[in-house]
Amino acid sequence: MKDPIIVVGAGLSGLRTASILISQGIECKIVEARGRIGGRVLSEAAVKNGSKFDLGPTWFWPQHEPVISNLVKELGLRTFTQYTEGAILFEQADHAEVQRHRVPGIERSVRFDGGVQSLIDAVAATLPQGTVQLDTRVMAINMEEEGVITLDAEINGGKKKRMRAGAVILALPPRLVASRITFSPDLPDSLKSSLIDKPTWMAGQAKVVAVYPRPFWREDGLSGQVTSFRGPLQEIHDASPESGDGALFGFFGIPAEVRQSLGKERILELVVNQLTRLFGAEAEKPLSLLYKDWSIDSETAVFDDLKPLSAFPNYGQPSNTDIWGQKIIFAGTESSSEYGGHLEGALRSAEHAVSEVMRLKQIENGNR
């Protein structure tokens, strides 16, 4: 394979794919439209002590997810168990009394010390310097004569760049591939439909984190977990680090279009009102509020992603690459049939992409 493998997307899946390929002696480059690595992983600091809080994925379940568990051990990352001790709150409707319940045997997830960004940074640290090129948006992928693949990209500021690739790994949400990248020759209609039919995980959601000096709700025998039909947050959890600050995070029950019409300021006001209603006066003045609406992130969501999901999406590998053969390979959590939407799915899709590259290499070696 004379030309490098080019991975489009520097999220967890893209970074891990490149890391494995390079460790096996295969030249690999990553191009990323954002000015940062991580994709939908986003861990932000809120207070002076540097604690980071996740505005994207948060947990994994080591008892069910062996790939991420093994990688965490391999990289020597620190984790801790999600806090679930105490009662959960249930809010049914306007003016109804908030109920406290104890739910025995809650399956406990695990979080990263320093947020999921610590996983991203550790995987990126395995790559040679210069592997990742940020602010580089792939606009077109072309199959030239004799199977040569070229990518046309736009670098921040409008400069154009053309790159040759032995194969392309698309570690992007499938709907972004279908709507943002031009293929020549065109992708088969069945493949386009397969891509469009895979909703982007988290793309219609927003997440908020309220940070406090300490997790005061625990003193009242509360776990921080809430289910609410009143909102605006429909699901709340303890987001505190292992020690120090307290934090609560929540997912919204109101659709993306409603959030956008209300605006960030009004949304956060409603959030604080709800937390105060649920947890009392100490919740009224958080040290910081972090907010990320993924539906307005142009590198995550397309218009179709604004529709709320009514069921878990049917994830897995897109079908029928036709004349493109193994020259384009799909990665990313939506490409994983068993763990789609999870960090585990992103890593499993990376392993699948690597196996496809190795198969392509064997075919090419056999044809020489």
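A crossing of two helices is called left-handed if the near helix is turned anticlockwise from the far one by less than a right angle, and right-handed if clockwise. The structure described here is a predicted model, in which local features need pLDDT of at least 70, side-chain atom pairs count only at pLDDT 80 or more, and totals for chains, interfaces and linings use all residues. Residues are numbered from 1 along each chain as its sequence is written, and side-chain values use heavy atoms, with hydrogens and water left out.

We can start with a pair of helices. Helices (H or I, at least four residues) and strands (E, at least two) are DSSP runs numbered from the N terminus. Helix α1 (residues 12-23) passes helix α3 in a left-handed crossing. The two helices, α3 covering residues 117-124, pack at an angle of about 25°, and their axes lie 9 Å apart; here axes are lines fitted to C-alpha atoms, for helices over the stretch in contact, and angles run from 0 to 180 degrees between N-to-C directions. Helices α1 and α3 are therefore roughly parallel to each other, a label for angles under 35 degrees, with over 145 counted as roughly antiparallel, 65 to 115 as roughly perpendicular and the rest as oblique.

On the α1 side, Leu12, Leu15, Arg16 and Ser19 meet Leu119, Ile120 and Val123 of α3, where contact means heavy atoms within 4.5 Å. By class, this contact has five nonpolar residues, one polar and one charged. In this scheme Ala, Val, Leu, Ile, Met, Phe, Trp, Tyr, Cys and Pro are nonpolar, Asp, Glu, Lys and Arg are charged, and the others, Gly among them, are polar.

Helix α3 is mostly covered, with six of its eight residues buried (under 20% relative accessible area, against over 50% for exposed and partly exposed in between, with a 1.4 Å probe and protein chains only). Those residues are Gln117, Ser118, Leu119, Ile120, Ala122 and Val123. The partners of the buried α3 residues are α1, β3 (43-45), β4 (52-54), α2 (66-75) and β9 (110-112).

Strand β9 leads to the sheets, in which two strands pair if DSSP finds at least two bridges between them. An open sheet of three strands follows the order β5-β9-β6, with antiparallel pairing. Its edge strands, β5 (59-60) and β6 (79-81), each pair on one side only. Three bridges join β6 to β9, and Thr81 has Val110 in β9 as its bridge partner.

A further open sheet has seven strands in the order β8-β7-β17-β18-β19-β16-β20, with mixed pairing. Strands β8 (99-101) and β20 stand at the edges with a single partner strand each, so one side of each is left without a neighbour in the sheet. Within this sheet, β16 (residues 206-212) and β19 (residues 246-252) run antiparallel and are joined by six bridges, with Val208 partnered by Gly250 in β19.

Strand β11 (residues 136-143) pairs with β12 (residues 149-155) in the antiparallel sense over seven bridges, and Val138 is matched with Ala153 of β12. Five residues lie between the strands of this hairpin, where Glu146 takes a positive phi near 60°. Strand β11 also runs parallel to β15 (residues 182-184), with three bridges between them; there, Ala140 has Thr182 as its bridge partner.

Finally, Pro313 sits in the loop between β20 (288-293) and β21 (328-330). Pro313 is buried, with a relative accessible area of 9%. Leaving aside residues up to four places away in sequence, Pro313 touches Pro199 and Trp201.
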